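Student: I'd like to zoom in on a single part, the aromatic ring pairs. Please take me through them slowly, and then carry on to the charged pairs and the helices around them.

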Amino acid sequence: EVIAHVRERYGEDRVAHIITFGRLQPRAVLRDVGRVMGLPYGQVDRIAKLVPDMTRSLAAALEEVPKLKEEAAADPQVARILEVGSRLEGLTRHASVHAAGVVITPRPIEELVPLYKTSKDEVTTQWDKDVVEGLGLLKIDFLGLRTLTVIDDAVRMVRQQGQELDLDAVPLDDPEVYRLFCEGRTNGVFQFESRGMKDLLRRAKPSKFEDLAAFNALYRPGALSVGMVDEYIRRKQGAKRVTYVLPETRELLEETYGVIVYQEQVMQIAVEVAGFTLGEADVLRKAMGKKKLEVMLEQKQKFADGAAARGVPRAKAEELWDYIEPFAGYGFNKSHSVAYAMLAYKTAYLKAHHPVAFMAAMLNSELSTSDSIAKYVRECQEMDIRVLPPDVNASDWWFTVDGGAIRFGLGGVKGVGEGAVEEILAVRRREGRFRSLTHFASELDGKQVNHKVFDSLIKAGCFDSLGSTRRALLEALDPILGFAQQRRHEREVGQSTLFGFGGGDGEAAAPEPEPEAAGPEWPEGERLSAEKEALGFYLTGNPLSEHEAELSKLASHTTADLKEGVDGPVTLGGLVTKVRPTRIKSGKNEGRMMGRFVLEDLEGAIAAILFADTFEKYGQLLEDEAVVLVKGMARERGSDLELNVEEVVPLKKASKKLLRGVDLVVDGSAALSINTFLELRDLLREHHGDTPVRFQLKLPGRRVAIAPEEAYKVRLGPRFVASVEGLLGQGMVRERYG
């Protein structure tokens, strides 16, 4: 809408989106090269995962990862994809539309900038944002934030409940809000929803607003790669003394425990220590932000000279510069961080103090996405907030606050469009409460609310309050719709009589068909299956609920974890649905069968694929509604995720294995600090439970058991595994079965 306004204001021919170029990154280029060379996906994926996150180049990865160098030396194919990948990395892979960038020109844009039309007929510049900006053209970033709508919606619902709320006046030191952050209960909290950010919050224990702003700036690839996040946490928690290169920097860096977090801090240091003007400091900021090395070299000399002129020894000035320079890789704007932290605080305040209104607003923001609705319904259940089923007499289009609960919105029912809901609500305002399914059907426009809509409404539970079972309602539906159609027809042609709707000549009115009031309901599994068909997920129950405890122990991740980003092998537990065997039509496996299915857990669903050998081994286990554990590798496929299945085990069989304990493997070749072990100790205490922990030191060619003075037992689950692997590395948490 904003961009449409800009086009209307300045002219269609003077506004265009800006192009952006995706480039071949180290990991991605290996996968692309491997695919073109026809190498097995599993082999290429294993090699790609040896490349560290956010590595600068494949050459750097070969220097940093001995295992990668060993693989290249042992296998000519691996050496070949690394060699070809090294030559291709950094090249443009594809063009797309910049997420927010728009250029506005003083005269028709084609006179100034070459244009490009995407496959979706979007007009963009052929030059990227840096070139457009270099030309002196006006470049504006338009950012639309769903969070603003969520906040507005939640505040409106709070006020509808008779409570006044001014989020601009809430205190920024509310203990309940910081408790929510410290415990990582941040689903729905702006910028703090990711699994990695939640782990960071649980480790760092934010205690003031400035911490939230700093985490916004630090939780980015550059800062993570140079270890500044861990440095900040250690200093904040007193595990490391806060020091300053020069006393003059104390006042500027005290807020962030002596760690440079923001671009503004660099500018202030340049002004205070080296005598830069604010304009000159901004040149330095831009050079760092855009990583302009040649300009940085010039600035280094200027910084040292300016500091010396102010009495700072040149050696100290150069030491300070060396402390500042890595900032070029991760610098972030404080005003941006603070603005985002303010939005995060406001959403967290709503969640902490007005949870029902906040969660209703979150559900409304995801009304068209059943997986996201399922995620937030699950969150409501964990927060002890009831989500009431949709109801033709109580629901609106949106999710609404209903007492201390949330009423499911009719807009979340599949197959029921906006027109049908508008008709239902209009008739309800006119008629009052619907007395029966027949009353409902007779009063509504049959063109707007057809058989398919009735089917969805019944299966979703929208008529449960009328006193009949869903099965009885569906079995009586056809006669009721026939009766309703006849009644509407008679009303239209004026054949009603004084005593009812008859056929004339004194003929008695036909009795209204009604569903059997005390009829039996479908079996629970069938009822829930129909409910899921109508809503996209289970609302009033879940076939997996009885297995929740087992799944939490045996599965390493949930589908929600995968969507937040997971590298390496995973074990998921859930229901098998939508099984689709397929015959392979070409290649070395031509004629053999492979399989696809959808695995659903309590938090969502993921598409899964079994290639020929795996399908031959496990295909017989893939029955609809089977409860299984699936081991495999998650990968991106376009904009979606897919699980490459390596093993399928029925949950009953997996549960019979006796979990004897968990091994934590410590890599003896890794440079792990004492602080890492202190954080590990804290995690073990935080997740105290009944599973014994054994430590193993991994040395070249052997492993040595470590017996710490303190015996630990933990509550084994996905959060524990993810947190420990964040410290020790992927695959370093291993379950031990009898």
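Tutor: Let's settle one word before we go hunting: a residue is buried if its relative accessible area is under 20%, exposed if over 50%, and partly exposed in between, using a 1.4 Å probe and protein chains only. Keep in mind that you're looking at a predicted model, where local features need pLDDT of at least 70 and side-chain atom pairs count only at pLDDT 80 or more, while totals for chains, interfaces and linings use all residues. Residues are numbered from 1 along each chain as its sequence is written, and side-chain values use heavy atoms, leaving out hydrogens and water.

A quick bit of scenery first. The chain has 738 residues, and buried ones make up 48% of them. Along the principal axes, its C-alpha atoms fill a box of roughly 110 × 70 × 55 Å. The chain has 33 helices and 18 strands; these are DSSP runs numbered from the N terminus, with helices (H or I) having at least four residues and strands (E) at least two.

Now to your rings. Two rings of Phe, Tyr or Trp (for Trp, the six-membered one) pair if their centres lie within 6.5 Å; planes under 30 degrees apart are stacked, over 60 edge-to-face, and the rest tilted. Searching the whole structure turns up 14 aromatic pairs. Take F181 and F192: their ring centres are 5.3 Å apart and their planes meet at 70°, so this is an edge-to-face pair. The two partners come from distant parts of the chain, with F181 in helix α9 (residues 175-182) and F192 in the loop between α9 and α10, eleven residues apart. Why does F181 count as buried? Because its relative accessibility is 0%. F192 is buried too, since its relative accessible area is also 0%.

Next comes F440 with F454. Here the ring centres are 5.5 Å apart and the planes stand at 85°, so this pair is edge-to-face as well. F440 belongs to helix α23 (residues 437-443) and F454 to helix α24 (residues 451-460), so the pair ties together parts that are 14 residues apart in sequence. Both F440 and F454 are buried. They have company, too: F434, F440, F454 and F463 make up one aromatic cluster.

On to the charged side chains. Side chains of opposite charge can pair when their charged atoms come close. We call it a salt bridge if a side-chain nitrogen of Lys or Arg is within 4 Å of a carboxyl oxygen of Asp or Glu. There are 53 of them in the whole structure. In one, E531 joins R527, with the closest N and O atoms 3.5 Å apart. Both E531 and R527 sit in helix α27 (residues 524-535), four residues apart, which is about one turn of the helix. E531 and R527 are buried. Follow the shared partners and you get one network of salt bridges joining D464, R470, E524, R527 and E531.

Another salt bridge holds E231 and R235, at 2.9 Å from N to O. Because E231 and R235 are four residues apart in helix α13 (residues 228-236), about one helical turn separates them. Both E231 and R235 are buried.

Let's finish by going back to helix α10, which borders the loop that holds F192. Helix α10 covers residues 195-204, and K198 lies in it. K198 counts as buried because its relative accessibility is 10%. Its side chain makes a polar contact with the side chain of N187 at 2.5 Å. A polar contact is a pair of N or O atoms within 3.5 Å; within protein, one must be able to donate a hydrogen and the other to accept it, and residues adjacent in sequence count only if both atoms are side-chain atoms.

In the loop between α10 and α11 (209-218) you'll find K205. Most residues other than glycine have a negative phi. K205, though, isn't a glycine and has a positive phi of about 50°. K205 is partly exposed because its relative accessible area is 39%.
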